[in-house]
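Please walk through this structure with the sequence and the 3D view side by side. The paragraphs below take one part at a time.

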Amino acid sequence: MSTQIEDPRIIEFDVRTDEMLINMGPQHPSTHGVLRLLLRTDGEIVNEVTPHIGYLHRCAEKIGENLSAPQWVPYTDRMDYLAAMNMNLGWALAVEKLLKMEVPEKAMTVRVIIGELGRIASHLVGMGAYGLDLGSFSPFLYAFREREIILDLFEEVCGARLTYSYFTIGGATHDLPDKIQIPPGLASLTGRKPDTVMSWMDTVIVFLDWLEERIKEYHILLTRNSIFIKRTAALGVLSREMAIDSGCTGPVLRGSGVDHDLRRDGESIYTRMYEGYEFDIPVAPFADAPSEVVLGDNWCRFYVRMLEVVQAIRLVRQGIEKYPTAEGTHRVPHKLTAKLPVDECYLETEAPRGQMGFYVVGTGNAEPLRVRAKSSCFCNLSITGPLSVGCMIADIPAIVGSLDIVMGEIDR
Amino acid sequence: MNTKEIHGLLLNQFDDKRILELNTEATDPWIEVSADSILEVARFVKTDERLQFDHLNDLCGVDYLELDPKKAKKFDHDPHLEVVYHLYSYSLKHYLVLKVKLPRWKNDEEGKLPEVDSVSSIWAIADWHERETYDLMGIHFSNHPNLRRILCPEDWVGHGLRKDYSFPDEYHGIRGC
């Protein structure tokens, strides 16, 4: 026994630090819901991260097998609850593709306006919560102030503030409202009287004019903030090859330099909505990025979202211009119990967090044999493990936050 | 390249014992591949220069079984399971749907899960999709690096998306419905 201890190599081997297992979540605030990460750490350095999901599993796919297609719309709301409009749209389009149904121009215009407003609201939460993850509290408050106005506008449109069920098979449940009382938040921010009555369209324009000015402030607060850059640049670097191999989509994919957006590259049933609209697709690398930034890091993913907000504003403005002359109605009638054909189809749409796919198998009954919701966050989350190896514990929220996940969509 | 041309290309590369049915009438045309050759076919469609399917959009299972006697009259499928692969190529911008048909139980012994090769060595994301399909549909993916349940707890009994699944009466002292 004593001979072994005298061997200097063994003594050196014995004084290494112990690895420690740390549970992060499922109630940790910066895991964006009920994500549990099991960290294997050596001091401050993370050696392995294993995500555990399923805490919010509500059997949405199984429920969908017992409901008709329009009845399942409210369940799609509860998947990505921060962008419920875009979830409704994905499901409605998938069923329309199966039914070979064409929606009128007016319905498509409404879908662009509302869908892109939904994207702005979703990216605002993504931005605010990311600041919060990194320890900066004020952007969160500003982001929620802005989002509140969008929610007020949505409330005027469909009566709900979070789970809208607004887009349904064949179009939207209501047409856009005419005159509304200006949202109280917007009235006080723009110096208008709280009882001002304006048309809904004009209110949106007033809001967008005001929001465009605020985006510059967000860039000062976060994007160009040197502390923020130090926390995000060259961290969580996701290579282009790995992003494709791991099925990443949306801002995560574009942040790694893949120029792909379904609004331009998707299937015709979806791209038809965006025909005649002018918009750019922000893709990393960016010429105006700080020198510390590497292609595919946290900062790039964050910046893609910020630039997408600007493009979404452009799209909403163009939609509002088109709306008065758009032909047709806001909806093609579709019965609640209408039968689905003996056929199957899969459709992906560009939701704020990535490509949301819906797969429907019909057997001639109103209820589909199988519905499947392929979640974009599910695929984006799967790279947390490889991205986090070798970083510090405090960088884990920065990496998970930059993926902008919503657990409702992952667990379904 | 459309699905019919891809089918021709695959038949050239493999034989008609591996590449089975071609359905062009469906909204998304699909090609059926035999269960024991999916790994080879997957490797070929990813690496071949004319195909380059580098992105796995989705992988899921479907249970073809109709228990409702009213609906069963119109239902003209034999009971079976399907694994559906939705592929896309970023460089060539085309789509492909591959299907593998499996028996509901291996050798028709109830409780024995049917097996198919894992494609997680081809597309990394298949790892999680296959774990979910195993968890909810009860399909065993051979050579999968880490085939555990992903959404349900590890000691859960049964596979929820099977049509004949019955909800448990109790789980760790919590009463079911």
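In helix 4 of chain B, which covers residues 126-137, 12 of the 12 residues are buried, so the helix is largely enclosed by the rest of the structure. Keep in mind that this is a predicted model. A residue counts as buried when its relative accessible area is under 20%. The buried residues of helix 4 of chain B include charged side chains such as B:Asp127, B:Glu130 and B:Arg131, and B:Trp128, B:Tyr134, B:Leu136 and B:Met137 are also among them. The residue that follows helix 4 of chain B is B:Gly138, with a positive phi near 70°.

Now take chain B as a whole. It contains 4 helices and 9 strands. Read from the N terminus, the order of the elements is α-β-β-α-β-α-β-β-β-α-β-β-β. How many of its 177 residues, as a percentage, count as buried? The figure for chain B is 54%. For a chain of 177 residues, a compact globule would have a radius of gyration near 16 Å, and the 18 Å of chain B agrees with that. The C-alpha trace of chain B spans about 55 × 40 × 30 Å along its principal axes. Among the contacts in chain B with a separation of 6 or more, 52% are between residues 24 or more positions apart.

The surface and charges of chain B can be put in numbers as well. Its accessible surface is about 8,500 Å², and carbon and sulfur atoms supply 48% of that. Chain B carries 22 positive and 33 negative charges, and the mean positions of the two sets are 2 Å apart.

Some places in the backbone deserve a check, for the following reason. Most residues other than glycine have a negative phi, and most peptide bonds are trans. In chain B, B:Lys93 has a positive phi of about 55° although it is not a glycine. B:Lys93 sits in the loop that runs between strand 4 (80-88) and strand 5 (95-102) of chain B. With a relative accessible area of 44%, B:Lys93 is partly exposed.

Chain A has cases of its own. A:Ser165, not a glycine either, takes a positive phi of about 50°. Its place is the loop between helix 7 (138-158) and strand 4 (167-168) of chain A. Is A:Ser165 buried or partly exposed? Its relative accessibility is 21%, so A:Ser165 counts as partly exposed. A cis peptide bond, with omega about 0°, joins A:Ala284 and A:Pro285. A:Pro285 belongs to the loop between helix 14 (268-271) and helix 15 (298-322) of chain A.

Helix 5 of chain A, residues 84-99, can be checked by its length. At 1.5 Å a residue, its 16 residues should span 22 Å, and the end C-alpha atoms are 23 Å apart, which agrees. Of these 16 residues, 15 are buried, so helix 5 of chain A is largely enclosed by the rest of the structure. Just after helix 5 of chain A comes A:Lys100, whose phi is positive at about 55°.

The last stop is A:Ala121, in helix 6 (residues 105-133) of chain A. A:Ala121 counts as buried because its relative accessibility is 3%. Apart from neighbours within four places in sequence, A:Ala121 is in contact with A:Arg147 and A:Ile150. A:Ala143 is 22 residues from A:Ala121 along the chain, and their C-alpha atoms are separated by 8.5 Å.

Note on methods: Residues numbered from 1 in each chain as written. Chains lettered and ligands numbered in written order. Predicted model: local features only at pLDDT ≥ 70, side-chain atom pairs only at ≥ 80, totals over all residues. Heavy atoms only, no water. Helix = DSSP H or I, 4+ residues; strand = E, 2+ residues; numbered from the N terminus. Expected span 1.5 Å × (residues − 1). Buried < 20%, exposed > 50% of the residue type's maximum accessible area, 1.4 Å probe, protein only. Rg over C-alpha atoms; globule rule 2.2 N^0.38 Å. Contact = heavy atoms within 4.5 Å. Areas by Shrake-Rupley, 256 points an atom, 1.4 Å probe, with all protein chains shown as cover. Lys, Arg positive; Asp, Glu negative; His and termini not counted. Charge placed at Lys NZ, Arg CZ, Asp CG, Glu CD.
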